[in-house]
Every structure is written in C-alpha cells, then in structure tokens.
Amino acid sequence: MAGLQKILIILLVLVLVLLALVFSLNNQMAVSLNFLLFETQPHGVAVWIIMAFVVGALVGVLMTMLATVRNSVSRRTLQKRLDRAKQALEKSRAQNDRTL
C-alpha cells in the first residue's frame, strides 16, 4: 500500500511539473512589476505567477507552523492547569475522608 501511495505522489508531482512547464511556455511575454518607488527587471508572466504561488505556499506553511506552535503551548499550559486541579481535588478528597 505504501508503494502505491509513493507512486501516486510521484505521478502527481510529475503532472504538476508538466503543467507548470506548459504554462510557462505559453506565457513568456516579459513584464516588469512596479512597486511604488521600485521597479523590477522584466521577466515572463509565468515566472511572476509561479513566484507568487511559491511565496504564497511558503507564507501558508509558516502561518500553519506558527498556529501549531501556539496550539502546542496552549495545550501544554492547559495540561499543567488540569494536573494542578486534579492534585487539588485529590488533596481535598483526602482531607474530607479524614474528617469523616
């Protein structure tokens, strides 16, 4: 099963590379981007679009990692609070058992 999954992933990657290649070959018109005071060197439209996709994917991965770290820290904090509450409950039960 793992071998079939690897083959499917490799095929998917190859299809995506082929689509990117066809896309870049069909969109070769050189365009320069203007950011207020800064203007870039002219590159193909496909280059800009692929770069935007890659930057967006990297930003998405970074945001996901930050959210994961934040959730881990929150989970650890809540686990500590739960452990302290359990200890306090056990201590309270032990004191109640002694009084009865």
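In which helix does Lys-86 lie? In this predicted model, Lys-86 belongs to helix α2, the helix that spans residues 45-99. The residue is partly exposed, because its relative accessible area is 44% and the partly exposed class covers values between 20% and 50%. Lys-86 was also compared in position with Asn-27. The two residues stand 59 positions apart along the chain. Their C-alpha atoms are separated by 64 Å.

Helix α2 supplied further sites. Lys-91 is placed in this helix. Its relative accessible area is 56%, so Lys-91 is exposed; the cut-off for that class is over 50%. Between Lys-91 and Leu-37 there are 67 Å, C-alpha to C-alpha. In sequence, Lys-91 and Leu-37 are 54 residues apart.

Ala-52 is likewise a residue of helix α2. With a relative accessible area of 51%, Ala-52 counts as exposed. The C-alpha atom of Ala-52 is 39 Å from that of Leu-78. Along the chain, 26 residues set Ala-52 and Leu-78 apart.

Arg-76 is found in helix α2 as well. A relative accessible area of 47% makes Arg-76 partly exposed. Arg-76 takes part in a positive patch on the surface. The other members of this patch are Arg-75, Lys-80, Arg-81 and Arg-84.

A surface patch of another kind was found in the model. This patch is nonpolar. Its members are Met-1, Leu-4, Ile-7, Leu-8, Ile-10, Leu-11 and Leu-14. Together they present about 780 Å² of accessible area. One of them, Leu-11, sits in helix α1, which covers residues 2-26. Leu-11 has a relative accessible area of 47% and is therefore partly exposed.

The loops were examined next. Leu-36 lies in the loop that links β2 (34-35) and β3. Leu-36 is exposed, because its relative accessible area reaches 84%. The backbone of Leu-36 was also noted. Its phi is near 50 degrees, a positive value in a residue that is not glycine. Most residues other than glycine have a negative phi.

Thr-40 occupies the loop between β3 (38-39) and β4 (43-44). Is Thr-40 buried or exposed? Its relative accessible area is 13%, so Thr-40 is buried; the buried class takes values under 20%. The side chain of Thr-40 has a polar partner in the backbone. A polar atom of this side chain lies 2.8 Å from the backbone nitrogen of Leu-33.

Taken by site, the loops hold a buried residue, Thr-40, and an exposed residue, Leu-36. In helix α2, Lys-91 is exposed, whereas Lys-86 is partly exposed. The positive patch includes Arg-76, and the nonpolar patch includes Leu-11.

Definitions and conventions:
Residues are numbered from 1 along each chain as its sequence is written. This is a predicted model: local features need pLDDT of at least 70, side-chain atom pairs count only at pLDDT 80 or more; totals for chains, interfaces and linings use all residues. Side-chain values use heavy atoms; hydrogens and water are left out. Patches are made of residues with over 30% relative accessible area and no salt bridge: like charges are joined within 9 Å, nonpolar side chains (Val, Leu, Ile, Met, Phe, Trp, Tyr) within 5 Å. Accessible areas come from the Shrake-Rupley method with a 1.4 Å probe; for residues, only the protein chains shown count as cover. A salt bridge is a side-chain nitrogen of Lys or Arg within 4 Å of a carboxyl oxygen of Asp or Glu. Lys and Arg count as positive and Asp and Glu as negative; His and the chain ends are not counted. The place of a charge is taken as NZ of Lys, CZ of Arg, CG of Asp or CD of Glu. Helices (H or I, at least four residues) and strands (E, at least two) are DSSP runs, numbered from the N terminus. Buried means under 20% relative accessible area, exposed over 50%, partly exposed in between (1.4 Å probe, protein chains only). A polar contact is a pair of N or O atoms within 3.5 Å; within protein, one must be able to donate a hydrogen and the other to accept it, and residues adjacent in sequence count only if both atoms are side-chain atoms.
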